[in-house]
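Q: Please take a close look at a single residue in this structure, and follow its contacts outward into the rest of the chain. I would like the surroundings described as one connected account.

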Amino acid sequence: MSMSASANARPSSAGGPHSHTSRRLLIFQETRNPQNVAETVYLPVNKLGLPICGDGPEMPSILELPLRVLRVFTDIFNQPKYKGWAVVSAGPYRDISEEGKFYAVVLEQTQNAVHASHETHMGTP
């Protein structure tokens, strides 16, 4: 039995069998704001994101994230830089080689953005 490239792709309402979406994995570090230590901020570790193929890593439901993290991610991913990208999944990221709290987020380019332009906001610093 052969496995096609579309076997792992999520169903899409538009585009047909040859359409595929672009996905990126971003990691954010939870840390204190240096100007206001009472405030927690989330800094991107890999600003452009790591391109990934397929569904990406398995993560718990985004609804399992603390509400404060969901609020921050809502603010971050509604910025113009992320226009045309949608959060597919997000969850805690554990790395024993680094100190601190990290979160992984998988973004997927929306079909509207794919068809509108081949250029993305994620590719610009």
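**Glu30 and its surroundings**

A: Glu30 has a relative accessibility of 17%, and it counts as buried because this value is under 20%. The model is predicted. Glu30 sits in strand E1, which covers residues 23–33.

Which residues does Glu30 touch, once those up to four places away in sequence are set aside? They are Thr40, Val41, Tyr42, Arg68, Val69, Lys101 and Tyr103. Two of these, Arg68 and Val69, deserve a closer look.

Arg68 comes first. The side chains of Arg68 and Glu30 form a salt bridge, with N and O 2.8 Å apart. This bridge ties together distant parts of the chain, since Arg68 belongs to helix H1 (residues 67–77) and Glu30 to strand E1, 38 residues apart. The side chains of Glu30 and Arg68 are also joined by a polar contact of 2.8 Å. Side chains of opposite charge can pair when their charged atoms come close. Is Arg68 buried or exposed, or in between? Arg68 has 38% relative accessibility, so it counts as partly exposed, whereas Glu30 at 17% counts as buried.

Val69 is the next contact to follow. Val69 lies in helix H1 and is buried, with a relative accessible area of 0%. Leaving aside neighbours within four places in sequence, Val69 is in contact with Glu30, Tyr42 and Tyr103. Tyr42 and Tyr103 also appear among the residues that Glu30 touches. The C-alpha atoms of Val69 and Tyr103 are separated by 9.1 Å, and the two residues are 34 places apart along the chain.

How many salt bridges does the structure hold? There are 2. Besides the pair of Arg68 and Glu30, Glu108 forms a salt bridge with Arg23, where the closest N and O atoms are 2.4 Å apart. That pair also connects distant parts of the chain: Glu108 is in strand E5 (residues 101–109) and Arg23 is in strand E1, 85 residues apart. Arg23 is buried, with a relative accessible area of 4%.

Strand E1 and helix H1 come up again in the nonpolar packing. The largest nonpolar core has 14 residues, and Phe28, Phe73, Ile76, Phe77, Tyr82, Val105 and Leu107 touch the most other members. The elements that give this core two or more residues are E1, H1, E4 and E5. The largest share comes from H1, which gives 4 residues. A second, separate core of 6 residues includes Leu25, Met59, Phe102 and Ala104. Phe77 contacts Phe28, Tyr82, Val87, Val105 and Leu107, not counting neighbours within four places in sequence.

Leu107 leads to one further residue, Val88. The C-alpha atoms of Val88 and Leu107 are 5.5 Å apart in space, while the residues are 19 apart in sequence. Val88 is found in strand E4 (residues 85–93) and is partly exposed, with a relative accessible area of 24%.

In short, Glu30 is a buried residue of strand E1 whose side chain meets that of Arg68 in a salt bridge.

Technical notes:
Residues numbered from 1 in each chain as written. Predicted model: local features only at pLDDT ≥ 70, side-chain atom pairs only at ≥ 80, totals over all residues. Heavy atoms only, no water. Buried < 20%, exposed > 50% of the residue type's maximum accessible area, 1.4 Å probe, protein only. Polar contact = N/O pair within 3.5 Å; in protein donor to acceptor, adjacent residues only side chain to side chain. Contact = heavy atoms within 4.5 Å. Salt bridge = Lys/Arg side-chain N within 4 Å of Asp/Glu carboxyl O. Core = buried A, V, L, I, M, F, W, Y, C linked by side-chain atoms within 4.5 Å.
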